[in-house]
Amino acid sequence: MNLHTPFHHDTHRNPETPLLRATRRWLLGLALAAVGGMAGCGKTEAPAPSAAPALAPAPAADASPVRVASKIDGEGGLLGNMLVLMLESHGVPVANKVQMGVTKVVREALLAGEIDIYPEYTGNGAFMLGDEKNPAWKDAKQGYELVKKLDEKNQLVWLTPAPANNTWAISVRKDLADKHSLKSLADLGPALQKGMPFKLAAGAEFVERTDALPSFETTYSFKLKQSNLLAFPGGDTAVFLKAAAEQNSGVNAAVVYGTDGAIASLGLVVLDDPKGAQPVYAPAPVARQSLLARYPQLGDWLKPVFESLDTATLQQLNGAIGVQGKDAKQVAQGYLKTKGFLK
């Protein structure tokens with residue numbers, strides 16, 4: 001074989017024609033590209049020198065609704081709706097449980113973690129916290145500071161109170177007061193001893209609590225018999241006032257709150273409490289500490305609202321609900337807008 005003789009390709013033994021060689025080069029290029037791509041998939045490229053380091057995502061906020069409750073009476077509806085509206089105005093999701101029930105029901109729900117916040121009264125700390133004989137309850141500032149301190153053990157926070165006193169009081173029909181010269185509770189005992197007809201519309205809570213009717217009786221030396229009482233299961237003073245105004249079942253007196261707005265319009269007068277038989281009942285929001293941990297600004301949101309609610313203002317707002325029959329939420333919303341707390 002002549003080594004210098006050009007190699008003669010046998011197309012039968014080696015079928016690689018120019019066209020096939022070109023095709024093989026094309027396929028080989030694709031394979032190499034694929035290998036390079038696979039290597040790139042497992043590679044973590046370093047960021048450019050000027051790139052800022054990635055920040056860890058912030059923990060997700062608790063978006064569960066804040067459960068807002070209140071007592072069942074008209075003022076409870078008013079104040080409870082104010083809490084709802086103010087929270088919603090700051091973008092807080094709310095579960096509305098306003099007018100849930102009487103004091104015992106709402107308080108136990110708060111302690112059990114079934115609700116997060118509701119409006120309570122400072123003077124109620126006397127019986128709720130077992131400190132009835134402390135004279136501090138009869139002073140607005142001292143009573144607030146005391147209940148705030150005592151409730152810390154329950155992981156509860158008392159926020160800024162209103163400058164109002166929604167204490168229990170006894171009102172009588174004006175014609176009865178004029179006939180028997182009734183001006184204060186000190187006049188009630190002597191008049192009862194002389195046989196004055198008297199029937200008081202009240203809630204069962206007022207009758208049974210030691211710091212309520214029993215406190216009045218002890219302080220002013222009188223005792224009401226069962227025949228002198230018409231007790232209702234709830235605490236809505238509008239019901240008591242109506243019973244006295246209309247003399248239902250012989251009722252001529254009614255338990256009221258200091259901030260009730262329907263007293264004068266229904267022809268009743270409040271008997272003075274010169275000896276201070278009752279504590280100061282300043283309304284204030286009470287919240288679980290866990291809620292304040294979620295919304296630290298909550299106290300700042302509610303402070304100006306409650307600071308604006310003096311006794312005269314609450315009487316006017318309660319009158320719109322109890323006398324004029326307006327919806328508590330609408331009254332609350334109208335007030336908050338008028339004061340500039342809501343847009």
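Helices (H or I, at least four residues) and strands (E, at least two) are taken as DSSP runs and numbered from the N terminus. The structure described here is a predicted model.

The loop between helix H5 (140–150) and strand E4 (156–158) contains Gln-155. The phi angle of Gln-155 is positive, near 60°, in a residue other than glycine. Gln-155 is partly exposed, because its relative accessible area of 44% falls between the limits of 20% for buried and 50% for exposed. A comparable description applies to Gln-247, which is found in the loop between H10 and E8. Its phi is near 55°, again a positive value in a residue other than glycine, and Gln-247 is partly exposed with a relative accessible area of 44%.

Strand E1 (residues 66–71) is mostly covered, with 5 of its 6 residues buried. E1 pairs with strand E2 (residues 94–101) in the parallel sense, over 5 bridges. Within this pairing, Arg-67 has Ala-95 of E2 as its bridge partner. Between E1 and E2 the chain passes through helix H2 (residues 74–89), and the resulting β-α-β crossover is right-handed.

The largest nonpolar core has 77 residues, of which Met-82, Phe-198, Leu-200, Phe-206 and Leu-298 touch the most other members. Helix H2 makes the largest contribution to this core, with 8 residues. Apart from neighbours within four places in sequence, Phe-198 is in contact with Ile-170, Val-172, Leu-176, Leu-188, Leu-192, Leu-224, Asn-228, Asn-252 and Ala-253. A second, separate core has 18 residues, among them Leu-110, Ala-136, Leu-146 and Val-286.

Val-286 is also one of the residues touched by Glu-120, which lies in strand E3 (residues 117–121). Glu-120 counts as buried because its relative accessibility is 0%. Not counting residues up to four places away in sequence, the other residues that Glu-120 touches are Lys-71, Thr-103, Met-128, Trp-158, Ala-282, Pro-283 and Ala-284. Thr-103 is 17 residues from Glu-120 along the chain, and the C-alpha atoms of the two are separated by 8.2 Å. The side chain of Glu-120 also makes a polar contact of 2.5 Å with the side chain of Tyr-118.

An open sheet is formed by 5 strands in the order E7-E6-E8-E5-E9, with mixed pairing. E7 and strand E9 (268–270) stand at the edges; each has a single partner strand, so one side of each is left without a neighbour in the sheet. On average, neighbouring strands of this sheet are turned by 35° against each other, direction ignored. E5 and E9 pair in the antiparallel sense over 3 bridges, and Arg-173 stands opposite Leu-268 in E9. Helix H10 (residues 237–246) lies across E5, strand E6 (200–203), E7, strand E8 (253–257) and E9, and runs at about 150° to E8.

Helix H9 (residues 213–220) has as its buried residues Leu-213, Ser-215, Phe-216, Glu-217 and Tyr-220. These buried residues pack against strand E5 (168–173), helix H8 (204–208) and strand E7 (229–232). H9 is followed by Ser-221, with a positive phi near 55°.

The loop between H8 and H9 contains Arg-209, which is buried with a relative accessible area of 9%. Not counting residues up to four places away in sequence, Arg-209 touches Thr-103, Asn-124, Phe-127, Trp-168, Pro-214 and Tyr-281. Phe-127 is 82 residues from Arg-209 in sequence and 8.2 Å from it in space, C-alpha to C-alpha. The side chain of Arg-209 makes a polar contact with the side chain of Asn-124 at 2.8 Å, and a polar contact of 2.9 Å joins the side chains of Arg-209 and Glu-205.

Trp-168, touched by Arg-209, is also in contact with Gln-278. The loop between E9 and strand E10 (283–288) is the place of Gln-278, and this residue is buried with a relative accessible area of 6%. Leaving aside neighbours within four places in sequence, further contacts of Gln-278 are Lys-138, Thr-167, Asp-211, Ala-212, Ser-215, Phe-216 and Asp-273. Of these, Ser-215 and Phe-216 are among the buried residues of H9.

Note on methods
Residues numbered from 1 in each chain as written. Predicted model: local features only at pLDDT ≥ 70, side-chain atom pairs only at ≥ 80, totals over all residues. Heavy atoms only, no water. Buried < 20%, exposed > 50% of the residue type's maximum accessible area, 1.4 Å probe, protein only. Pairing = 2+ DSSP bridges. Right-handed = clockwise from strand over helix to strand, strands pointing away. Core = buried A, V, L, I, M, F, W, Y, C linked by side-chain atoms within 4.5 Å. Contact = heavy atoms within 4.5 Å. Polar contact = N/O pair within 3.5 Å; in protein donor to acceptor, adjacent residues only side chain to side chain. Axes fitted to C-alpha atoms, helices over the stretch in contact; angles between N-to-C directions.
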